[in-house]
Amino acid sequence: MTAEATTEKSLYAELFDETSARGGEPEWLARLRSDALERFERGGFPTTDDEDWKYTNVAPVARGNFRPAGDEAGAFDASLVDAFVYEESRRSRLVFVDGVFRADLSSTEGLPTEAVVTDLRSALEGPHAEVVREHLARSQEHDRDSFTSLNTAFVRDGAFLFLPKGVVAPAPIQLLFLASGARDDVAAFPRVLVVAERDSGATILESYASLNEAAAYFTNSVVESFVGEGARVVHYKVQREGERAFHVASTRAALARSASYDLTTVTLGARLSRHGVEVRLAAEGAECWVDGLYLVGDGQHADTHSLIDHQSPRCTSHQNYKGILDGRSRAVFNGSVFVRRDAQQTDAFQSNKNLLLSPEARVDTKPQLEIFADDVKCAHGATVGQLEEEELFYLTSRGLHPDLARNLLTYGFAEEIVEKVKIESIKRQLDSAILNRLQADLEV
């Protein structure tokens, strides 16, 4: 271990002591955080020597002097927040700034009273504290992911969504995590816990953005979802961090019998981003969709690692990721489907397709299947390509501006994922990002 890495670990241990000295947390949570810090200190930040991080170098994060914002976020104009709130969730949103919950910017008026949508601190002090205790970090027992351990060590604020049996939220619930950009060294550790009991349902909009594109900061988020029997959770994640930001996230879901979990991830921002997805199909008849679109430009690096764990018979998984890379950008995709011995009659599909718009763009893709059952239907595949010259010629020969032709073909590549999005505000955002990223205008 290098001296530099040791110094960084000591820094986080020091910060942990500072936050722990404030007290006011349950004993079990203090123990949970302490154990997580110990795991992080033991392993440190991953390096490119680790197989799972072979193509993603997090040394800039390890070297950074990132610190939690504390109870007060940086100064900012609160009216600016409205631009980041989706119209569909104006009355059903929780807002966090620099990792700190802002009740004055949040609203749950559009949600049924039976649904519990609140910040994690309030949940720990309320009537559902035992639900939090039962589920928080349960998906990370014996976890070797150092970033998840770091998040757990500093878990103080976040979102708690509890849907009792049969309760369906009519409006999408937005969890908005904003960076104020007031200073460059802020670290935020958002934590989201979703517990959907039997036959309940909700649509969750998890979004990240910055009020200052030039700020350098670090977001380390963890989302845990427990989807009960027959429950349905639709989950969108839109990452639009600032151009100098670092974003490392873990999304995990455990599905009960006949449960449904539909995750769509959109990656647009951050200098370096990494998203780990793990879905456990833990009981018969569960089904999941794990789809995504990453659109990265010059100087950006986007890494997606996924694991779909088929643990029980007659479960279905669909995985479809598409990437669009321009300039000197880099993307990594490692998708794994694991079918256990008892998971007979599994139906699993996985696809990763990438479009390179620049000769300097690079992608490393590795879809994987590990099958230990004999009665299954599984398929996977990956492609890397460029725009077809014949298609470009066809469009330009009919009078279209070359940039417009290029963007229309690019949009056509991404359309499969875009059309899957059922939230109009997100779809418009995607349209704008894809069609205008190259500074071409449809009206040219």
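**Close-up 1. Phe66 and Phe246, a buried ring pair.** Phe66 is buried, and so is Phe246. The model shown is predicted. The two ring centres lie 6.0 Å apart, with the planes at 70°, so Phe66 and Phe246 form an edge-to-face pair. Phe66 sits in the loop between helix H3 (59-63) and strand E1 (67-68). Phe246 belongs to strand E12 (residues 246-255). The pair therefore ties together parts that are 180 residues apart in sequence.

**Close-up 2. Phe160 and Phe162, a stacked pair.** Here the ring planes are at 5° and the centres 6.3 Å apart, so Phe160 and Phe162 are stacked. Planes under 30 degrees apart count as stacked. Phe160 has 0% relative accessibility and counts as buried. Phe162 is buried as well, with a relative accessible area of 7%.

**Close-up 3. The aromatic cluster.** The count of aromatic pairs comes to 18. Ring pairs link a set of residues into a cluster. Its members are Tyr12, Phe16, Phe40, Phe45, Trp53, Phe66, Phe147, Phe154, Phe189, Phe218 and Phe246. Phe66 and Phe246 of the first close-up are among them. Phe40 is another member.

**Close-up 4. Helix H2 against helix H6.** Helix H2 covers residues 27-43 and helix H6 residues 146-153. Their axes come within 7 Å and cross at roughly 145°. The crossing of H2 past H6 is left-handed. From H2, the contact uses Leu32, Arg33, Ala36, Leu37, Arg39 and Phe40. From H6, Ser146, Ser149, Leu150, Thr152 and Ala153 take part. By class, this contact has 6 nonpolar, 3 polar and 2 charged residues. Phe40 of H2 thus appears in two views: in this contact and in the aromatic cluster.

**Close-up 5. Ala137, a loop residue with positive phi.** Ala137 is not a glycine, yet its phi is positive, at about 65°. The residue lies in the loop between helix H5 (129-135) and H6. Ala137 has a relative accessible area of 9% and is therefore buried. Buried means under 20% relative accessible area.

**Close-up 6. Gln345, a second loop residue with positive phi.** Gln345 has a positive phi of about 60° and, again, is not a glycine. The loop that holds Gln345 runs between strand E18 (330-339) and strand E19 (346-356). Ala137 is buried, whereas Gln345 is partly exposed at 42% relative accessibility.

**Close-up 7. His275 and its contacts.** His275 is placed in strand E14 (residues 272-281). At 5% relative accessibility, His275 counts as buried. Residues up to four places away in sequence are left aside in the contacts that follow. His275 touches Lys237, Ala249 and Thr251. Contacts of His275 also include Thr265, Asp303, Thr304 and His305.

**Close-up 8. Leu400 in the loop before helix H8.** Leu400 lies in the loop between helix H7 (389-396) and helix H8 (402-418). With a relative accessible area of 28%, Leu400 is partly exposed. Not counting residues up to four places away in sequence, Leu400 touches Leu395, Ala405 and Leu408. Val132 is 268 residues from Leu400 along the chain, and the C-alpha atoms of the two are separated by 56 Å.

**Close-up 9. Asn436 of helix H9 and Asn407 of helix H8.** Asn436 belongs to helix H9 (residues 424-436). Asn407 is found in helix H8. The C-alpha atoms of Asn407 and Asn436 are separated by 7.8 Å, with their positions 29 residues apart along the chain. Asn436 is partly exposed at 36% relative accessibility, whereas Asn407 is buried at 1%. Asp403 is another reference point: its C-alpha atom and that of Asn436 are separated by 9.8 Å. Asp403 and Asn436 are 33 residues apart along the chain.

**Close-up 10. Confidence along the chain and at two stretches.** The mean pLDDT of the chain is 91. Of its residues, 93% reach 70 or more. Over residues 1-9, pLDDT is below 50. This stretch, residues 1-9, has 11 contacts in the model beyond near neighbours in sequence. Residues 440-444 also stay under 50. For residues 440-444, the model has 11 contacts beyond four places in sequence. Where pLDDT is low, the predicted coordinates should not be read in detail.

Definitions and conventions
Residues are numbered from 1 along each chain as its sequence is written. This is a predicted model: local features need pLDDT of at least 70, side-chain atom pairs count only at pLDDT 80 or more; totals for chains, interfaces and linings use all residues. Side-chain values use heavy atoms; hydrogens and water are left out. Axes are lines fitted to C-alpha atoms, for helices over the stretch in contact, and angles run from 0 to 180 degrees between N-to-C directions. Helices (H or I, at least four residues) and strands (E, at least two) are DSSP runs, numbered from the N terminus. A crossing is left-handed if the near helix is turned anticlockwise from the far one by less than a right angle, and right-handed if clockwise. Contact means heavy atoms within 4.5 Å. Ala, Val, Leu, Ile, Met, Phe, Trp, Tyr, Cys and Pro count as nonpolar, Asp, Glu, Lys and Arg as charged, and the others, Gly among them, as polar. pLDDT is the predictor's confidence in each residue, from 0 to 100. Rings of Phe, Tyr and Trp (its six-membered ring) pair if their centres lie within 6.5 Å; planes under 30 degrees apart count as stacked, over 60 as edge-to-face and the rest as tilted. Buried means under 20% relative accessible area, exposed over 50%, partly exposed in between (1.4 Å probe, protein chains only).
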